[in-house]
Every structure is written in structure tokens, then in C-alpha cells.
Amino acid sequence: MTQLERLAIADIVKIVPTRHGDDRGYFSEVFKDAWFREHVADVTFVQDNQSLSAAKGTIRGLHFQLDPFAQGKLIQCIRGSVFDVAVDIRAGSPTFGQWAGAELSGGNGAQLWIPTGFAHGFLTLEPHTIVHYKVTAPYSAQHDRGLRWNDPAIGIAWPAEAAEVVLSEKDAAQPSLADLPPSFTFSPFLERA
Ligand SMILES: Cc1cn([C@H]2C[C@H](O)[C@@H](COP(=O)(O)OP(=O)(O)O[C@H]3O[C@H](C)C(=O)[C@H](O)[C@H]3O)O2)c(=O)[nH]c1=O
């Protein structure tokens, strides 16, 4: 039976698909549209992504796309392991600027569902780590934005592997949360306000 757990920010859902083991290894249904729509979110995925990070201590993020290309993401690690993090950037959210995270690995098969309105990033905990994820909107370079991975205002408790990080030039120059322009992304909370 697939396990489902809501993290400290309840919109972030950790999913652990069942693995049917036998002498050869295991078989697992890692995504099922009808189950996901019923139990997690009624969304349509339009693109699958995969990234390989050669070095332990690689940080990719924190990234998000602006509306109308904001992306929901279903993240899984298919080789190695990562500490995967979502930061709430929904204007007006009671958990604005707060983060939630989990360890995803080829070994534990765990996934994270991160809806729109969150910045996403991960730290690799092993070399040659592969992350595979589904997104609910296509890539749009013009709408691609980021946040500084180590912004003290967010205070992500990265594991020790973050002591010496590998970063892209883009990620080494991301702004802090305080420097983000207002209403930079759609927020369901503003509608209610
Ligand atoms: C995201 C993306 C990138 N690209 C191209 C653009 C660059 O030429 C190259 C590397 O892109 P980038 O450095 O943005 O890749 P990551 O640092 O892994 O970015 C991702 O990392 C964090 C963890 C995320 O959640 C996002 O999905 C995404 O921003 O791939 C594409 O062609 N399509 C895409 O969907």
C-alpha cells in the first residue's frame, strides 16, 4: 500500500510507493494518475525531468517559475540520495518563508509532492545522484526564478554535506527572500484576504 505523509507544511506530501520484492529485486508503480488525483492533487503532469549530479554536496535550487508557468513537482531520487526541500513563497501564506524537507534516495524510494507557490531545491548526499521529477507546467526560461539556498531568513537545516557545496553560477548569485519583488507568484491566500 502506498504510504502518504504530510510534512510540517501540510501542502508538501511525502509519498512512498509500495515495492513488490522478490529474488530478482523489486517492482514498484511509482506514479498512477488516478491515485494521485484522488489522494494527493488533481493535477496534470506535462513534462518529466532528470538531472545527474556527479558530486556529493551539489545544491540545485532554490528554483521556481513565475505564473503562468508555475510548476507543481513530483520529485524522486532514482540513484544516490538527496535532501529535498520546499520553501513556501506564497504571498499571504501563514507559513511564508518556512521550509519543509525530506531525504529521498534510490534506497527508500520516497517522493515529494511540491505544489505551485514553493521554491524547490536539493542537496546531494552521495556522488552520481540522479533525480527524476514530473512537473505540471513546461519549462520557461523567461519565467525561471530562484532564491539563495542558504538565506538565513529561511534557515534551511541542510545536512553536513552542505559544508562544501557545488553550485551553478546562477545558483551562486540567487537573491534572498527579502529581495524578491512583491506578488512575484500567484497566491491562493491573497484571494482570501
Ligand atoms: C529546468 C530545465 C532546464 N533546462 C536547461 C536549461 C539549462 O541549459 C540546463 C540546466 O538548467 P538548470 O541549471 O536550471 O538546471 P537545475 O539547476 O537542475 O534546475 C532545476 O533544479 C531545481 C531543483 C528545480 O526544481 C527545477 O526543476 C530546475 O530549476 O537545462 C531545460 O531545458 N528544461 C528544464 O526544464
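Me: I'd like to start with one residue: which strand does His63 lie in?

Reply: His63 lies in strand β6, which covers residues 59-65. Keep in mind as we go that this is a predicted model.

Me: How do I read its accessibility: is His63 buried or exposed?

Reply: A residue counts as buried under 20% relative accessible area. His63 has a relative accessible area of 17%, so it is buried.

Me: Which residues is His63 in contact with, leaving aside its neighbours within four places in sequence?

Reply: Among them are Lys73, Phe118, Ala119, His120, Asp144, Arg145 and Gly146. Lys170, Asp171 and Gln174 also belong to that list. Closer along the chain, a polar atom of the His63 side chain lies 3.5 Å from the backbone nitrogen of Gly61.

Me: Which residues does UniProt list for "active site"?

Reply: The unreviewed UniProt entry lists His63 and Tyr133 under that heading. They span 71 residues in sequence, yet their C-alpha atoms are no more than 13.7 Å apart, so they gather at one spot. From this set, His63 is part of the lining of the largest cavity.

Me: And Tyr133: where is it found, and is it buried or exposed?

Reply: Tyr133 is found in strand β12. Tyr133 is buried, with a relative accessible area of 17%. Leaving aside neighbours within four places in sequence, Tyr133 is in contact with Gln47, Asp48, Asn49, Leu74 and Ile75.

Me: How should I read the sheet that holds β12, and in what order do its strands run?

Reply: The general idea is that strands of a sheet pair through backbone hydrogen bonds, either parallel or antiparallel. Here six strands form an open sheet in the order β1-β2-β10-β7-β12-β5, with antiparallel pairing. β1 (3-6) and β5 (47-53) stand at the edges with a single partner strand each, so one side of each has no neighbour in the sheet. From one strand to the next, the twist averages 20°.

Me: How many bridges join β5 and β12?

Reply: Seven bridges, in the antiparallel sense, pair β5 with β12 (residues 129-135). To trace one of them, start at Ser51, whose bridge partner in β12 is Val131.

Me: Let's try another strand of that sheet: what does the side chain of Gln111 reach?

Reply: Gln111 lies in strand β10 (residues 111-114), and its side chain reaches the backbone oxygen of Val30 at 2.8 Å. Gln111 counts as buried, at 2% relative accessibility. Its contacts beyond four places in sequence include Val13, Lys14, Ile15, Pro17, Leu74, Ile75 and Leu104.

Technical notes
Residues numbered from 1 in each chain as written. Predicted model: local features only at pLDDT ≥ 70, side-chain atom pairs only at ≥ 80, totals over all residues. Heavy atoms only, no water. Pairing = 2+ DSSP bridges. Helix = DSSP H or I, 4+ residues; strand = E, 2+ residues; numbered from the N terminus. Axes fitted to C-alpha atoms, helices over the stretch in contact; angles between N-to-C directions. UniProt positions renumbered as here; feature names shortened; annotations may be inferred. 1 Å grid on protein atoms, 1.4 Å probe; cavity = no way out; pocket = protein on both sides within 12 Å on 5 of 7 lines; lining within 4 Å. Buried < 20%, exposed > 50% of the residue type's maximum accessible area, 1.4 Å probe, protein only. Contact = heavy atoms within 4.5 Å. Polar contact = N/O pair within 3.5 Å; in protein donor to acceptor, adjacent residues only side chain to side chain.
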